Amino acid sequence: MATESFSQGNLEINREECYVLVSVNPRIYPLDVVLSSAYIFTDNCYVLVDGDPVEELIVELRPKDKNHDLESLGRAFNNELINYANYAIQAVKSAKLREEIIKKVLSISGA
């Protein structure tokens, strides 16, 4: 009996065992971005992050509700990777501005 699994893009979907594997390139999405993205899914899925943080990370998503669309789940994870990667980039870009604002607030309240 053939396993109901197939790959599409960076997703490997196994309908028989009800999970999706997401292959992540850590040179594009660092481990902290992957973990932040994975955390969002912990309410609805069992999540496992494995692999080599230099070469390739594999995120396994097993929905707690077996009727969940696995492809949509994997694609939603990809969207969260973009979301958290963008957040990390913006945080670095605005760090100096935040620091200056805090200095200004502290100097006003200390006067």
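Here are some notes on a predicted model, point by point, to read beside the structure.

1. Let's begin with helix α1, which covers residues 31-40. Its buried residues are V33, V34, S37 and A38. Looking down the axis of α1, these buried residues stay within an arc of 130°, so they line one face of the helix. The spacing fits a familiar rule: an α-helix has 3.6 residues a turn, so residues three or four places apart point the same way.

2. What do the buried residues of α1 pack against? Their partners are strands β3 (19-24), β4 (45-52) and β5 (56-63), together with helix α2. On the face of α1 turned away from that buried side you will find the exposed residues D32 and Y39.

3. V47 is a good residue to click on next. It sits in strand β4 and counts as partly exposed, because its relative accessibility of 28% falls between the 20% and 50% cut-offs. Leaving out residues up to four places away in sequence, V47 touches A38, F41, T42, V59, E60 and L61. A38 is one of the buried residues of α1. D32, on the other hand, lies 15 residues from V47 in sequence and 15 Å from V47 in space, C-alpha to C-alpha.

4. E60, one of the residues touched by V47, also takes part in a salt bridge. Its side chain meets that of R62 at 2.5 Å, N to O. Is E60 buried or exposed? E60 is buried, because its relative accessibility is 19% and the cut-off for buried is under 20%. R62 counts as partly exposed, at 26% relative accessibility.

5. The salt bridges deserve a point of their own, and the count comes to five. As a reminder, side chains of opposite charge can pair when their charged atoms come close. In helix α2, R75 and E71 lie four residues apart, about one turn of the helix. Their side chains meet in a salt bridge of 3.1 Å, N to O. R75 is partly exposed, with a relative accessible area of 36%, and E71 is partly exposed as well, at 23%.

6. Helix α2 (residues 70-93) is also home to N78. Here the relative accessibility is 17%, so N78 counts as buried. Which side chain does N78 join in a polar contact of 3.0 Å? The partner is the side chain of N10. Setting aside neighbours within four places in sequence, N78 is in contact with N10, L11 and V22.

7. Now to helix α3, residues 95-109. The side chains of E100 and K96 form a salt bridge there, at 3.5 Å, N to O. These two residues of α3 are four apart in sequence, about one turn of the helix. E100 is partly exposed, with a relative accessible area of 37%, whereas K96 counts as exposed at 52%. Salt bridges that share partners link K96, E99, E100 and K103 into one network.

8. One last spot to look at is a nonpolar patch on the surface, formed by L97, I101 and V105. Together these residues have about 290 Å² of accessible area. L97 belongs to helix α3 and is exposed, with a relative accessible area of 55%.

How values were computed:
Residues numbered from 1 in each chain as written. Predicted model: local features only at pLDDT ≥ 70, side-chain atom pairs only at ≥ 80, totals over all residues. Heavy atoms only, no water. Buried < 20%, exposed > 50% of the residue type's maximum accessible area, 1.4 Å probe, protein only. Polar contact = N/O pair within 3.5 Å; in protein donor to acceptor, adjacent residues only side chain to side chain. Contact = heavy atoms within 4.5 Å. Patch = residues over 30% accessible without salt bridge, like charges linked within 9 Å, V, L, I, M, F, W, Y side chains within 5 Å. Areas by Shrake-Rupley, 256 points an atom, 1.4 Å probe, with all protein chains shown as cover. Salt bridge = Lys/Arg side-chain N within 4 Å of Asp/Glu carboxyl O. Arc of directions from axis to C-beta.
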